[in-house]
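Please look over the sequence and the model below before reading on. The report is meant to be read with both at hand.

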Amino acid sequence: MHLSEITHPNQLHGLSIHQLNQIARQIRDKHLETVAASGGHLGPGLGVVELTLALYQTLDLDRDKVIWDVGHQAYPHKLITGRFDRFHTLRQKDGIAGYLNRRESHFDHFGAGHASTSISAALGMALARDLKGESFKVAAVIGDGALTGGMALEAINHAGHLPNTRLLVVLNDNDMSISPNVGALSSYLNKIRLSPPMQFLSDNLEEQIKHLPFMNDKIPQELVNLKGGMKRLAVSKVGAVFEELGFTYIGPVDGHNLEELITTFESAHKHPGPVLVHVATTKGKGYAIAEQDQVGYHAQSPFNLATGKAIPASKPKPPSYAKVFAHTLVKIAENDPRVLGITAAMATGTGLDKLQAKLPKQYIDVGIAEQHAVTLAAGLACEGMRPVVAIYSTFLQRAYDQIIHDICIQNLPVFFCMDRAGIVGADGPTHQGMYDIAYLRCLPNMVIMAPKDEAEMQRMLVTGINYIDGPIAMRYPRGSGYGVPLLEEGWEPLEIGQSEVLRHGDDVLLLAYGTMVNPALQAADLLTEHGLSAAVVNARFVKPLDLDTIAPLAQHTGHVVTLEEGCLPGGFGSAVLEALMDHQVVVPVTRIGVPDQLVEHATPDQAKQSLGLTAPQISERILSVLNKPQPSLTH
């Protein structure tokens, strides 16, 4: 059977180990071919090919449910659940999503782009099944990196207290999340993985013995028994932890041995209560380059499959905001030992790996534990340190109570640096940084700012680190800057709450925040061609707003247009409206931003076009609201 013929996972039933291994090779080939061409997550899916096939071989997917944690490890799942023919559209506009999506397939039982959710969701489904008197199986597949998240441990604690609730948890243990795993739990699993019995079981000794001339491709029963005894010895300690928590523990199992996996899963399904199967896998399995660089090949932009090297852009790009952030932070931290960079398992993504390499004592990785990261920063601030919490906008949502309860109420000087704010592209709704303006600006004591370009971000970094009167946050986008000249030193902090007038005008005020400043300037040029004189202000701060500058310009022009790359409900435009009304400045205000809808996966340019956030679209909208003739736009 060819992979292209599989449209339902139940078609795997009855296939031989040899046939399943052929399907596994085809999955890896298709996976590699697709990601090499268009980019996407690479290592996670390659590591779970056999795990997926073996698990699905033992389930009836018309009834049973599999919940994948995070989702970027679920590419093999997508390839055997009716999406082979469209898999080449992965992470492209109107194509296959990079994460699980309940709207995309009835086999995607729970959507996820953030880690540590699978056990909670699976337990909820299992409890609902029992309450309804049904009997389907529920399995959660979670990586050892996601197991560092407190939510996963909370779910394990709950499930272990329900001895009669059938639930299978598959621990995909590859010693990685995106960056190498940290913490006591990861170290504990490492001890098991690297123990002499496990090394004995993973050094291909079986294969060597099997192929001796007098063995006839068979393993003596004595060796099988020895293997089982040594495995039990190796896992007695780690298994005891999960057993004490109420789980039946099985493993570790070779995650690339289909026969062993199938036998193990069949056995696990027979247990009446919660079971944890510990599966040892290799991230990037089957592609040597990805196996050797598991961080670099977690996800990739388009690359040459033969060499593993990225396909160069047609022309060099300016440095990314993340690189400028990292470079500047290292320079500041070199001169101030109180500055500490904190990440939640995203060292490379945030750029803090540069700080780790240069100043390891001023770098902290807490694992996938955003709540802990924020309260840890609060404790550091209490003792006079200058914590810089570098977390993607979408992931900081996970620590909202800690921001309120532990930071804002106590008015502690913690600096939040939110990468990937705004539209992020192919990762889709779970990763869009849409909501940070709205969810932070309502909090007492919080200062919020966003730079118009990478040079201004350098000044905002100094501003945030020097600000000691309470919490402060800075949002900045994914991707490259504009190529403006950068300063190597001597950055001056900004005055808190002060905006920047970039252009004077008489007919309309374009009040732009962060990434929308440049489109505002372009739109002002287009408006000039139609006889309109537009003032442009770089707000810099959404809280506090510079009403001393904004109010007179609003009254002078008689119309305000706010521009933001974030959600309109509760966003920057709403803040401007509230401030103007509170000060009895009554002028029409047009808000341009992201409406109250999910932003699906597409390139950032495609998403902005569909949302009306390009400069021509902005100028067209303004001409429309001011009752001026509209230009003829060519899209």
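The sections below go from the whole chain to one histidine, then to positions listed in a record, and lastly to one helix.

## Overall picture

This is a predicted model, and the values given here should be read with that in mind. The protein has 635 residues, of which 57% count as buried, and its secondary structure comes to 25 helices and 19 strands.

Among contacts in the protein with a separation of 6 or more, 76% are between residues 24 or more positions apart. The accessible surface comes to about 26000 Å², and carbon and sulfur atoms contribute 53% of that area.

## His8 and its surroundings

His8 belongs to the segment that precedes helix H1, which covers residues 17–38. Two polar interactions of its side chain can be described: one reaches the backbone nitrogen of Asn10 at 3.0 Å, while the other is a polar contact of 2.7 Å with the side chain of Asp62.

When neighbours within four places in sequence are set aside, the residues in contact with His8 are Leu61, Asp62, Ile80 and Phe107. Asp62 thus appears both in this list and as the side-chain partner in the polar contact of 2.7 Å.

## Positions listed as binding site

An unreviewed UniProt entry lists His72, Gly113, His114, Ala115, Gly145, Ala146, Asn174, Tyr287 and Glu370 under "binding site". Two of the residues from that record, His72 and Gly145, are described further here.

His72 is found in the loop that runs between strand E2 (65–68) and helix H4 (75–79), and because its relative accessible area is 13%, His72 counts as buried. Gly145 sits in the loop linking strand E3 (138–143) to helix H6 (150–159); with a relative accessible area of 2%, Gly145 is buried as well.

## Helix H20

Helix H20 is made of 13 residues, 454–466, and spans 19 Å from its first C-alpha to its last, which is close to the 18 Å expected at 1.5 Å a residue. At the start of H20, a side-chain oxygen of Asp453 comes within 3.1 Å of the backbone nitrogen of Ala455.

How much of H20 is enclosed by the rest of the structure? Since 10 of its 13 residues are buried, the helix is largely enclosed. The buried residues of H20 include the charged or polar Glu454, Glu456, Gln458 and Thr463, together with Met457, Met460, Leu461, Val462, Gly464 and Ile465.

How values were computed:
Residues are numbered from 1 along each chain as its sequence is written. This is a predicted model: local features need pLDDT of at least 70, side-chain atom pairs count only at pLDDT 80 or more; totals for chains, interfaces and linings use all residues. Side-chain values use heavy atoms; hydrogens and water are left out. Helices (H or I, at least four residues) and strands (E, at least two) are DSSP runs, numbered from the N terminus. The expected span of a helix is 1.5 Å times one less than its number of residues. Buried means under 20% relative accessible area, exposed over 50%, partly exposed in between (1.4 Å probe, protein chains only). A polar contact is a pair of N or O atoms within 3.5 Å; within protein, one must be able to donate a hydrogen and the other to accept it, and residues adjacent in sequence count only if both atoms are side-chain atoms. Contact means heavy atoms within 4.5 Å. Accessible areas come from the Shrake-Rupley method with a 1.4 Å probe; for residues, only the protein chains shown count as cover. UniProt positions are given in the numbering used here, feature names are shortened, and annotations may be inferred rather than shown by experiment.
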